[in-house]
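Colleague: I am new to this structure and should be grateful for a close look at a single part of it. Please begin with any term that I shall need, and then describe that part step by step.

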Amino acid sequence: MDRARLATFLRTRRDSLQPEDVGLPRGRRRRTAGLRREEVAALCDVSADYYSRLEQQRGPHPSEQMLSSISRGLHLSAEERDHLFRLGGYPTPRRAARADHVEPGTRRILDRLVDTPAQVVTLLGETLRQTAPAVALLGDETRHTGPARSLHYRWFTDPATRRIHPEDDHPAHSRLLVSHLHATYARDGKGSRAAALVDALLPASAEFALLWREHPVPEAYCAPKRILHPELGLLELHCQTLVDADRSQALQVFTAAPGSESEDKLRLLSAGQGHRV
């Protein structure tokens, strides 16, 4: 615990808050730059004496629950909350992965890829948004509901999902999906959406259960993906992935080697001449 820096951090955040920010009346005789200590204490559901001692570097070592309460009371951002926990001598709390909201920065990039197959997916394989060429290449993957929103779930429970890849590629693709789900489960832990997905897949697929017990780990190298299109045939593509800051979503961009037959086929997709049913 860094007692001095914790005290300074609390004071600066208290000074930066105005009564209007937290729904309190300003009053006529306010002399402090921000909130009073007793006001913050009430917001954090702690005694004024306890909070004052923290700011004066003479309080007890606050628990993780106490820091969470203080974080809410001071209206800290996720990054500020993490910093508060580090100052208190604790690991940063696990953040809940966002489900449906595409990050503004990621969306701006995607919107500029109008002539390229690209899509935003969660770490559970849920497609949130696609460009028109991505729909033409892969189909509309945003239409699914329930557990089927996850490609991981569809791959192991719906044989039709596998038609997009040559049969020879199925074992490697299965292992890749399980390895990524293992990584997400390790990050989010029990009680997470990843854990719920694993619990649903274990009794539903013997193949998944076998691979899950083997505990595969994602490889650093991502091999080219072979995709079977109903009109254009086989395409060999590379999938570049841009992961956002908290690793809850990824932007996938599909490209082909310059001068290749697959590049010509991608041009047809972008021109609207290859439509996946």
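Modeller: Two strands are said to pair if DSSP finds at least two bridges between them, and strands themselves are DSSP runs of at least two residues, numbered from the N terminus. The model is a predicted one. With these terms, the sheet can be described.

Five strands make up an open sheet, arranged in the order 2-1-5-4-3 with antiparallel pairing. Strand 2 and strand 3 are its edge strands, each of them pairing on one side only. From one strand to the next, the twist averages 35°.

Strand 1, residues 118-122, deserves particular attention. It is mostly covered, with five of its five residues buried. In a regular strand, side chains alternate between the two faces of the sheet. In strand 1, Ala118, Val120 and Thr122 point one way, while Gln119 and Val121 point the other way, and all are buried.

The neighbours of strand 1 can be taken in turn. With strand 5 (residues 249-255), strand 1 pairs in the antiparallel sense over five bridges. Within this pairing, Val120 is set opposite Leu251, and the bridge partner of Thr122 is Gln249. With strand 2 (residues 127-130), strand 1 also pairs in the antiparallel sense, here over three bridges. Val120 has Arg129 as its bridge partner in strand 2. Val120 thus has a partner in strand 5, namely Leu251, and a partner in strand 2, namely Arg129. Strand 1 and strand 2 form a hairpin with four residues between the strands, and in this hairpin Gly125 takes a positive phi near 80°.

The remaining pairings complete the sheet. Strand 4 (residues 233-243) runs antiparallel to strand 3 (residues 225-229), and five bridges join them. Ile227 stands opposite Leu235 of strand 4. Strand 3 and strand 4 form a hairpin as well, with three residues between them. Strand 4 is also joined to strand 5 by six bridges, again with the strands antiparallel; in this pairing Gln240 faces Val253 of strand 5.

A helix accompanies these strands. Helix 6 (residues 104-111) packs on the sheet, where it touches strand 1, strand 2, strand 4 and strand 5. The direction of helix 6 makes about 155° with that of strand 1.

For context, the aromatic rings may be added. A search of the whole structure finds four aromatic pairs. One of them joins Tyr185 and Trp212, whose ring centres are 5.7 Å apart and whose planes stand at 90°, so this pair is edge-to-face. Because Tyr185 belongs to helix 9 (residues 170-188) and Trp212 to helix 11 (residues 206-214), the pair ties together parts that are 27 residues apart in sequence. Tyr185 counts as partly exposed, at 25% relative accessibility, whereas Trp212, at 14%, counts as buried. Another pair is formed by Phe208 and Trp212: their ring centres are 5.6 Å apart and their planes lie at 25°, so this pair is stacked. Both residues of the pair, Phe208 and Trp212, are buried, and they lie in helix 11 four residues apart, about one turn of the helix. Together, Phe156, Tyr185, Phe208 and Trp212 form one aromatic cluster.

Note on methods
Residues are numbered from 1 along each chain as its sequence is written. This is a predicted model: local features need pLDDT of at least 70, side-chain atom pairs count only at pLDDT 80 or more; totals for chains, interfaces and linings use all residues. Side-chain values use heavy atoms; hydrogens and water are left out. Buried means under 20% relative accessible area, exposed over 50%, partly exposed in between (1.4 Å probe, protein chains only). Rings of Phe, Tyr and Trp (its six-membered ring) pair if their centres lie within 6.5 Å; planes under 30 degrees apart count as stacked, over 60 as edge-to-face and the rest as tilted. Axes are lines fitted to C-alpha atoms, for helices over the stretch in contact, and angles run from 0 to 180 degrees between N-to-C directions. Contact means heavy atoms within 4.5 Å.
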